[in-house]
Amino acid sequence: MNERPSTLANNGHRVLLETLYYGEANATYLMRACEASVTCGIRAGALLVVDPAAESRDGSIVVIQTGEDLSLRRQRPEKYLENLDAPDDILQWPDDDTVQSGIICWGILIYTVNGESAQ
């Protein structure tokens, strides 16, 4: 194993990848954002740290699967999920995480690493 911890640059700060999880380290995974979200400050290509074991709350950003697509949605207390940049685009939050609901929750976004800005 590498003796030095893995790091990456984030606007001049060093971020230890090993510290970007909460709870069970083996349950935390990394994703790349395909699209930007202006309202959440997520750039296209950002590194997203997702924890499937984290508890969601009102305002949590969740990674969901509908069909074969993964997307980010904001959880709201009225049991719905809103599109991050189009709040009128909503999905009904399922009562459970079953395939019959058509929505599978992959986890909660717990950290975003946008990287260096391109100038």
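The following paragraphs lead through several strands of this structure, an aromatic pair and a pocket. The model is predicted.

A convenient place to begin is strand β4, which covers residues 47-51. Five of the five residues of β4 are buried, so this strand is largely enclosed by the rest of the structure. The side chains of the strand are divided between two directions: L47, V49 and D51 point one way, while L48 and V50 point the other way. Despite these opposite directions, all of them are buried.

What lies beside β4? Strand β3 pairs with β4 in the antiparallel sense, over four bridges. Within this pairing, Y29 stands opposite V50 of β4. Strand β9 also pairs with β4 in the antiparallel sense, here over five bridges. In that case L48 stands opposite T112 of β9.

One residue of β4 merits a closer look, namely V50. Is V50 buried or exposed? Its relative accessibility is 0%, and buried means under 20%, so V50 counts as buried. Which residues surround it? When neighbours within four places in sequence are left aside, V50 is in contact with A27, T28, Y29, M31, V63, W106, G107 and I108. A further relation leads towards the next strand: V50 and V62 are twelve residues apart in sequence, and their C-alpha atoms are 8.5 Å apart in space.

The next strand is β5, which spans residues 61-66. This strand is mostly covered, for five of its six residues are buried. Strand β6, residues 69-76, runs antiparallel to β5 and is joined to it by six bridges. Here V62 stands opposite R73 of β6. The two strands form a hairpin with two residues between them, and in this hairpin G67 takes a positive phi near 65°. Strand β5 is also joined to β9, residues 103-113, by five bridges, and these two strands likewise run antiparallel. In this pairing I64 stands opposite C105 of β9.

The aromatic residues come next. How many aromatic pairs does a search of the whole structure find? The search finds one. The ring centres of Y29 and W106 are 6.4 Å apart and the ring planes lie at 75°; planes over 60 degrees apart count as edge-to-face, so this pair is edge-to-face. The pair links distant parts of the chain, since Y29 belongs to strand β3 and W106 to strand β9, 77 residues apart. With a relative accessibility of 22%, Y29 counts as partly exposed. W106, at 37% relative accessibility, also counts as partly exposed. Both Y29 and W106 appear among the contacts of V50, a residue that is itself buried.

The last feature is the largest pocket. Rolling a probe the size of a water molecule over the atoms shows where empty space is left. The largest pocket holds about 410 Å³ of space. It is lined by 16 residues, of which C34, E35, L70, S71 and L72 are the closest to its centre. Strands β3 and β6 each supply at least two residues of this lining. Which element gives the largest share of the lining? That share, four residues, comes from β6. By class, nine of the lining residues are nonpolar, three are polar and four are charged. Strand β6 thus appears twice in this account: as a partner of β5 and as a contributor to the lining of the largest pocket.

Notes
Residues numbered from 1 in each chain as written. Predicted model: local features only at pLDDT ≥ 70, side-chain atom pairs only at ≥ 80, totals over all residues. Heavy atoms only, no water. Buried < 20%, exposed > 50% of the residue type's maximum accessible area, 1.4 Å probe, protein only. Pairing = 2+ DSSP bridges. 1 Å grid on protein atoms, 1.4 Å probe; cavity = no way out; pocket = protein on both sides within 12 Å on 5 of 7 lines; lining within 4 Å. Points joined across faces, edges and corners; volume = space filled by probe spheres on them. Nonpolar A, V, L, I, M, F, W, Y, C, P; charged D, E, K, R; others polar. Phe/Tyr/Trp six-rings, centres within 6.5 Å; stacked < 30°, edge-to-face > 60°. Contact = heavy atoms within 4.5 Å.
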